[in-house]
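Work through the exercises below with the sequence and the coordinates open side by side. Each task is followed by a solution that proceeds step by step.

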Amino acid sequence: LGYASSTDGENIDERLHNPAYTPRESFELPNGKPVIAYMSGGGYGGIEDPRLTKIGNTIYLTYVAFDGCNPPRVALSSIDVENFVNKRFTWSKPKLISKPGVVDKNAVIFPEKIHGKYVIMHRIFPNILVDFVDDLLFENTYLKGEYKISPRQDYWDSRKIGAGAPPIKTDKGWLLIYHAVDDRDASQYKIGAMLLDLENPLKILYWSRKPIIIPDMWYDNVGHKSGVVYPCGAVIKNNNLIVYYGGADTVVCAAKQNINEFLDLLVASSKVWPDKTIYPVPLRKV
């Protein structure tokens with residue numbers, strides 16, 4: 001996993017030549033017996049799809065670990081904020097936190113506890129699963145998939161959905177940026193948004209009727225995986241929501257919109273349906 005930084009959220013100021021995180025354990029290193037059925041990201045093993053969540057003085061990293069043979073699983077590591085900011089990449093020993101024998105991906109951790117519990121979303125096809133856990137140690141235990149958010153039949157996200165960026169707390173609810181695929185066009189990944197209740201993130205308050213980002217640029221369609229826009233991060237900076245995503249699994253992209261305008265349109269589009277639909281304006285790609 002690489003490291004790049006930006007002062008304004010749009011222009012890259014620095015990109016390190018060396019990785020910020022490297023596979024270390026047997027469960028994330030090619031074991032010499034690749035099984036095509038579990039190919040992940042076009043490789044025979046390694047790590048991908050990182051999500052970072054800062055809680056207190058610790059940054060937690062969730063990612064997909066793949067050894068080339070067994071189903072990809074969710075892994076967890078962490079680092080002290082000061083060390084990360086100063087590029088001393090002293091990550092904790094990673095551990096697998098999803099069950100063996102099951103393809104599990106797209107794990108994100110909420111940035112604060114809710115009713116004394118850490119909240120983790122992950123994806124076992126085709127659902128977003130939600131777990132409430134007492135700690136992030138995962139000593140002899142795995143994610144259970146206690147609750148689920150399922151794809152919507154006859155919508156643009158009917159085939160599968162997965163959490164993208166770790167949820168962002170707003171005054172209207174937890175903003176979840178997610179990716180999805182439609183059964184009617186399984187070749188394209190698109191990006192949508194939900195607002196979840198602040199006290200009960202299992203309760204969906206508003207859900208985008210149309211995608212907020214689609215693969216409509218040339219760089220979304222030229223590369224390793226044509227037609228894929230895939231989010232792993234988002235921030236609110238200078239009153240703008242900025243969503244970071246991969247284009248065609250080849251380039252890093254960003255799209256933005258004023259956060260208040262975005263939330264207002266998301267709320268309005270969820271309320272007015274199906275006669276006088278107001279859709280969120282797609283984020284401007286930058």
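The exercises that follow concern a predicted model, and they begin with its confidence before turning to single residues and a pocket.

**Exercise 1. Determine what mean pLDDT the protein chain has, and where pLDDT stays under 50.**

Step 1: The protein chain has a mean pLDDT of 92, and 93% of its residues reach 70 or more.
Step 2: Over residues 272-278 pLDDT stays under 50, and for this stretch the model has eight contacts beyond four places in sequence.
Step 3: Where pLDDT is low, predicted coordinates should not be read in detail.

**Exercise 2. Place arginine 24 and serine 77 in the secondary structure, classify each as buried, partly exposed or exposed, and describe their surroundings.**

Step 1: Arginine 24 belongs to the loop that runs between strand E2 (14-15) and strand E3 (46-55), whereas serine 77 is part of strand E5 (residues 73-80).
Step 2: The relative accessible area of arginine 24 is 37%, so this residue is partly exposed; the value for serine 77 is 1%, so serine 77 is buried.
Step 3: Apart from neighbours within four places in sequence, arginine 24 is in contact with Leu29, Ser77, Trp91, Ser92, Lys93 and Pro94, and the list for serine 77, drawn up with the same exclusion, includes Tyr21, Arg24, Trp91, Ser92 and Pro94.
Step 4: Turning to polar atoms, the side chain of arginine 24 makes a polar contact with the side chain of tyrosine 21 at 2.9 Å, while a polar atom of the serine 77 side chain lies 2.7 Å from the backbone oxygen of serine 92.
Step 5: As a check on separation, the C-alpha atoms of arginine 24 and serine 208 are 39 Å apart in space, with these positions 184 residues apart in sequence numbering.

**Exercise 3. Establish whether histidine 179 is buried or exposed, and which side chain makes a polar contact with its side chain.**

Step 1: Histidine 179 sits in strand E13, which covers residues 173-182.
Step 2: Because its relative accessible area of 1% is under 20%, histidine 179 counts as buried.
Step 3: Its side chain makes a polar contact with that of asparagine 106, at 3.5 Å.
Step 4: Not counting residues up to four places away in sequence, histidine 179 touches residues that include Arg51, Asn106, Arg123, Lys160, Tyr189 and Tyr230.

**Exercise 4. Find which residues a cis peptide bond joins, and compare the accessibility of two residues with positive phi, phenylalanine 138 and aspartate 154.**

Step 1: The cis peptide bond joins phenylalanine 125 and proline 126, with omega about 0 degrees, and proline 126 has its place in the loop between strand E8 (118-124) and strand E9 (127-133).
Step 2: Phenylalanine 138, which is not a glycine, has a positive phi of about 50 degrees, and the residue is found in the loop between E9 and strand E10 (147-149).
Step 3: For aspartate 154, likewise a residue other than glycine, phi is positive and near 70 degrees, and the residue lies in the loop between E10 and strand E11 (160-163).
Step 4: Phenylalanine 138 has 7% relative accessibility and therefore counts as buried, whereas aspartate 154, at 61%, counts as exposed.

**Exercise 5. State the volume of the second largest pocket, and say which kinds of residue line it.**

Step 1: The volume of the second largest pocket is about 170 Å³.
Step 2: Among the residues that line this pocket are Asp131, Val133, Phe138, Tyr142, Lys144 and Glu146.
Step 3: By class, the lining divides into five nonpolar, one polar and five charged residues.
Step 4: Phenylalanine 138, a lining residue of this pocket, is the buried residue with positive phi treated in Exercise 4.

**Exercise 6. Describe where isoleucine 149 and alanine 268 are placed, and how far each is from a chosen partner.**

Step 1: Isoleucine 149 lies in strand E10, and its relative accessibility of 5% is the reason why it counts as buried.
Step 2: Beyond its neighbours within four places in sequence, isoleucine 149 is in contact with Met121, Asn127, Ile128, Ile161, Met194, Ile204 and Trp207.
Step 3: Measuring from C-alpha to C-alpha, isoleucine 149 and glycine 162 are 9.3 Å apart in space and 13 residues apart in sequence.
Step 4: Alanine 268 lies in helix H2 (residues 259-271) and, at 22% relative accessibility, counts as partly exposed.
Step 5: The C-alpha atoms of alanine 268 and tyrosine 206 are separated by 8.8 Å, although these residues are 62 residues apart along the chain.

Technical notes
Residues numbered from 1 in each chain as written. Predicted model: local features only at pLDDT ≥ 70, side-chain atom pairs only at ≥ 80, totals over all residues. Heavy atoms only, no water. Helix = DSSP H or I, 4+ residues; strand = E, 2+ residues; numbered from the N terminus. Buried < 20%, exposed > 50% of the residue type's maximum accessible area, 1.4 Å probe, protein only. Contact = heavy atoms within 4.5 Å. Polar contact = N/O pair within 3.5 Å; in protein donor to acceptor, adjacent residues only side chain to side chain. 1 Å grid on protein atoms, 1.4 Å probe; cavity = no way out; pocket = protein on both sides within 12 Å on 5 of 7 lines; lining within 4 Å. Points joined across faces, edges and corners; volume = space filled by probe spheres on them. Nonpolar A, V, L, I, M, F, W, Y, C, P; charged D, E, K, R; others polar. pLDDT = per-residue confidence, 0-100.
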